[in-house]
Amino acid sequence: MSIVEALEFEHRAEVMGKSFESQVLILNFSDVQVINAQYALQTPVEISSIEFAPENPKVLIGGCINGQLISWDLNSTEHKIQEGRKQKQADAAAATAEGGEEEDEQNKSNTCKMKELIMSNIDKSHKSYVADIKFVPGAVKVDRKAPNEGKSYHFISCSEDGVVNIWDTRNIDIQELKALAAKGKMQGWVPYLTINVFRQEGGELGLSRILFDKDQTTPTFWAASDEGELTLIDWSIRPVVTGEDQRPAEYVQHIYESERNSRPVLALERSPFYDDLLLTIHDFHFAIWKISLLDREEPIFRSANTRGS
């Protein structure tokens, strides 16, 4: 659970680019009677999206509201924040003064605080908030020089800035970072591949949601835009070189524009029963698409708008 303060646009513009303490809470639902925060992940920037690494569930990847990527390793003892005795006594005294119960204080003390493992280089990150993060299925070959051997090591981040970044989590493995630090070769975290997606009529195509098929083998993904469109993107396309001229790569293979509006798609999901049915959730309605019918430019079903919209 990521905590983001609800600020007006003017106040948000004032704090953009400034660091201030924020948290991501991992809740323990093993006891439904008492739901405790098992981890409190510290971050200098508010988190807009977060995902667990499929190959190591103790590693989390977060997308920041300023466009950077951040990672935590729950197994890392070096990144646990240890509070001193004086701080604990002060917290206990404050809880007692406010009428807090001893059990609540005990639950608070059981919360493990963790600081970040690494953050991406800001100049190689997104220029707007990270809208979504999705791990690439293991069967997709991303880096031929460093094969993933069927493991989901790579993930994709998207934003409204029209940039899609592909990252390799092997670069931020804690043992790898320790080895680099010992050799004095510590480097920043940068994406493995960056692509810029554009609309056919020109202008950047900002993305709000990403969707993979868990069994896919092709370097493609479906995405929803910040203006309501549904699009298919292939990141293996290369620029076209004709003599001395070079045209940008056309990563957008197909786009459905019938639901285009001024608001981003809120959710993009695949049917658990039919692989060619996709669901997009918009501000006031939802739409179902049959992607096997590429000639059909409209959804096969569009709900009515919510009452009062």
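## Met 1 and the surface patch

Met 1 has a relative accessibility of 53% and therefore counts as exposed, since the cut-off for that class is over 50%. The model is a predicted one. Met 1 lies in the segment that precedes helix 1 (9-15).

Met 1 also belongs to a nonpolar surface patch, together with Ile 3, Leu 27, Phe 29 and Ile 35. The accessible area of these residues together is about 480 Å².

## Strand 20 and its partners

Strand 20 covers residues 286-290, and its side chains alternate between two faces. Ala 287 and Trp 289 point to one face and are buried. Phe 286, Ile 288 and Lys 290 point to the other face and are not buried.

Strand 19 (residues 277-281) runs antiparallel to strand 20, and 5 bridges join the two. The connection between strand 19 and strand 20 is a hairpin through 4 residues. Strand 20 also pairs with strand 21 (residues 301-302), again in the antiparallel sense, over 2 bridges.

Ile 288 has a bridge partner in each of these neighbours: Leu 279 pairs with Ile 288 of strand 20, and Phe 301 of strand 21 is the bridge partner of Ile 288 as well.

## His 254

His 254 sits in strand 17, which spans residues 252-256. Its relative accessibility is 17%, so His 254 counts as buried; the cut-off for buried is under 20%.

Leaving aside residues up to four places away in sequence, His 254 touches Leu 230, Thr 231 and Leu 232, and also Leu 294 and Glu 297.

Technical notes. Residues are numbered from 1 along each chain as its sequence is written. This is a predicted model: local features need pLDDT of at least 70, side-chain atom pairs count only at pLDDT 80 or more; totals for chains, interfaces and linings use all residues. Side-chain values use heavy atoms; hydrogens and water are left out. Buried means under 20% relative accessible area, exposed over 50%, partly exposed in between (1.4 Å probe, protein chains only). Contact means heavy atoms within 4.5 Å. Patches are made of residues with over 30% relative accessible area and no salt bridge: like charges are joined within 9 Å, nonpolar side chains (Val, Leu, Ile, Met, Phe, Trp, Tyr) within 5 Å. Accessible areas come from the Shrake-Rupley method with a 1.4 Å probe; for residues, only the protein chains shown count as cover. A salt bridge is a side-chain nitrogen of Lys or Arg within 4 Å of a carboxyl oxygen of Asp or Glu. Two strands pair if DSSP finds at least two bridges between them.
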